[in-house]
Amino acid sequence: MALGNTPDRKIPSLEDDHFHDECAVFGVFGHDDAAAHTALGLHALQHRGQEASGIVSFNGNNFNSHRAPGLVGDNFSSEEIISRLAGTMAVGHNRYSTTGETMIRNIQPLFADLELGGLAIAHNGNLTNAYALRRALVQRGCIFQSTTDTEIILHLIAISEFSTVVDRIIDALRQVEGAYSLVLLSNDALIGVRDPMGVRPLALGRMDGAYFFASETCAFDIIGVEHIRDVDPGEIVIVDKDGVRSIKPFTKTPRHFCIFEYIYFARPDSMIEDSNVYAVRKRIGAELARESHVESDIVVPVPDSGVPAAIGYAEQAGVPFELGIIRNHYVGRTFIEPSDHIRHLGVKLKHNANTGHIAGKRVVLVDDSIVRGTTSEKIVAMVRAAGAKEVHMRISSPPTTHSCFYGIDTPEREELLAARHDVEAMAKHIGADSLSFISLDGLYRAVGEPGRNSQEPQYCDACFTGEYPIPLTDRQGGPMPAQLSLLTEQD
Ligand code: AMP
């Protein structure tokens, strides 16, 4: 994630979060086509970040890097670029940030020449004590090249007094707080790490004797890699010429995988923690129908994110499923557009009512979440304009009342519709005849739990509950150091 780039910016409060990235990581050890496979893997993971992508490879002598703003397909479709990324080891990253300005220096994988050799790092997640660590590192004389929290990990590794790369990584990660799934590439190993709570996903795969890491298994499917297993929370998996070994050097804590990955973020064809994301989404839809079904003629998803839950809902309720809204696939996700003006425009560009299938019907609309309420408001109006008799909105997540500080982009808390309104007022705001959200317990049942264990929740659900499992150290600190401001990037 980027830490911000205005000189006098204060450390964000709980209500002020604009530094969050949604990202994807990928890595290969021991394959002749390491860079080409990484490019394909990143392409399958494009939904996790569209702002920039990068690959660093190692050919036995040199590290090579190509990092650029834009989509994977645009950045890595040239043979010349792939052949420059020679070697049997590679690490890749897709980045998404909300800070607007993309600085080349913030594009991952980051790379540094350390005392022990070169090291590239790709990070999905968000550190929550980044400002504090960065301030201390700057005071010690570390010179930062980017505004990412990921670079903090690199500096901590660089200054560690341990003698091996792995020991230095452990030493560094013992000092950081937050969510991280990392893939690191040294000159003799590929290393995958998940934070002790396992907030973000990371999978391990194998093909032709080579080993792979990916944020999601859909990146394995595209190249025929066999998914061996997920990296465990708190686990470091080291792949080198001697094979694969695993260590768990951190104090064991209860796992807290991000439940929103299941609801929205992950691709439906991915397997996470032994569950198929699509199947989970259908079960969420079925729970939603059990909890809040209303007399209706058709169930219509808000495409694409609402589709699996709407299928589950329609099956459970015994109501016909119709594609009553058609999405134009050549427009990016609504959220990706940074300004309000474009975001509003984006919704219109993106969806159109399939009028003949809606007119005169009582419609249940299913979407995965309401964040600012922009999408729902437009869609409800669009469905009414197409002649629907009634419009009932059903949401396959509980109300999003809190920002995420662990790596999923959410707006400032005051911009979250559910932080300001109760469900009735929200229904009024979006213009629906009725509005219901799945309950927390219903959501937990859909992911295979008996319900939410309120003493020790099995997942991170902070965006719905405000119960943050990892301390938000930076949010409690003083002003951000001026050193965080970088010159405007020209490169
Ligand atoms: P909004 O229009 O602000 O209420 O946003 C809700 C829509 O954004 C839903 O249709 C979701 O599919 C989508 N969405 C929810 N969370 C995110 C996110 N973190 N990034 C991108 N899109 C999101």
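**Reading helix packing, a hairpin and a buried glutamate**

The axes of helix 5 (residues 150-159) and helix 6 (residues 165-173) cross at roughly 125° and come within 8 Å.

Trainee: Before I read anything into that, what kind of model is this?

Mentor: A predicted one, so keep that in mind throughout.

Trainee: Fine. How do I put a word to the crossing of helix 5 and helix 6?

Mentor: Start with the angle bands: 65 to 115 degrees counts as roughly perpendicular and over 145 as roughly antiparallel. The angle here is roughly 125°, and helix 5 and helix 6 are therefore oblique to each other. For the hand, helix 5 passes helix 6 in a right-handed crossing.

Trainee: Which residues make the contact?

Mentor: From helix 5 you have Ile153, Leu156, Ile157 and Ala158, and helix 6 brings Arg168, Ile169, Ala172 and Leu173. Sort them by type and you get seven nonpolar, no polar and one charged.

Trainee: Let me try another pair. At what angle do helix 9 and helix 10 pack?

Mentor: Helix 9 (residues 277-292) and helix 10 (residues 307-317) meet at about 45°, and their axes are 6 Å apart. Angles under 35 degrees would count as roughly parallel, so this angle makes helix 9 oblique to helix 10. The crossing of helix 9 past helix 10 is right-handed.

Trainee: And what sits in that contact?

Mentor: On the helix 9 side, the residues include Tyr278, Arg281, Gly285 and Leu288; on the helix 10 side, Pro308, Ile311, Tyr313 and Glu315 are among them. The contact of helix 9 with helix 10 divides into nine nonpolar, four polar and four charged residues.

Trainee: Staying in helix 9, is glutamate 287 buried or exposed?

Mentor: The cut-off for buried is under 20% relative accessible area. Glutamate 287, which lies in helix 9, has 9% relative accessibility and therefore counts as buried.

Trainee: What does glutamate 287 touch?

Mentor: Set aside the neighbours within four places in sequence, and glutamate 287 contacts Ile438, Gly442, Arg445 and Ala446.

Trainee: Now strands. What should I know about side chains in a regular strand?

Mentor: They alternate between the two faces of the sheet. For pairing, look at strand 2 (residues 52-58) and strand 3 (residues 63-69), which pair in the antiparallel sense over seven bridges. To find the register, take serine 53, which stands opposite alanine 68 in strand 3.

Trainee: How many residues lie between the strands in that hairpin?

Mentor: Four, and in the hairpin of strand 2 and strand 3 glycine 60 takes a positive phi near 100°.

Notes. Residues numbered from 1 in each chain as written. Predicted model: local features only at pLDDT ≥ 70, side-chain atom pairs only at ≥ 80, totals over all residues. Heavy atoms only, no water. Axes fitted to C-alpha atoms, helices over the stretch in contact; angles between N-to-C directions. Helix = DSSP H or I, 4+ residues; strand = E, 2+ residues; numbered from the N terminus. Left-handed = near helix turned anticlockwise from the far one by under 90°. Contact = heavy atoms within 4.5 Å. Nonpolar A, V, L, I, M, F, W, Y, C, P; charged D, E, K, R; others polar. Buried < 20%, exposed > 50% of the residue type's maximum accessible area, 1.4 Å probe, protein only. Pairing = 2+ DSSP bridges.
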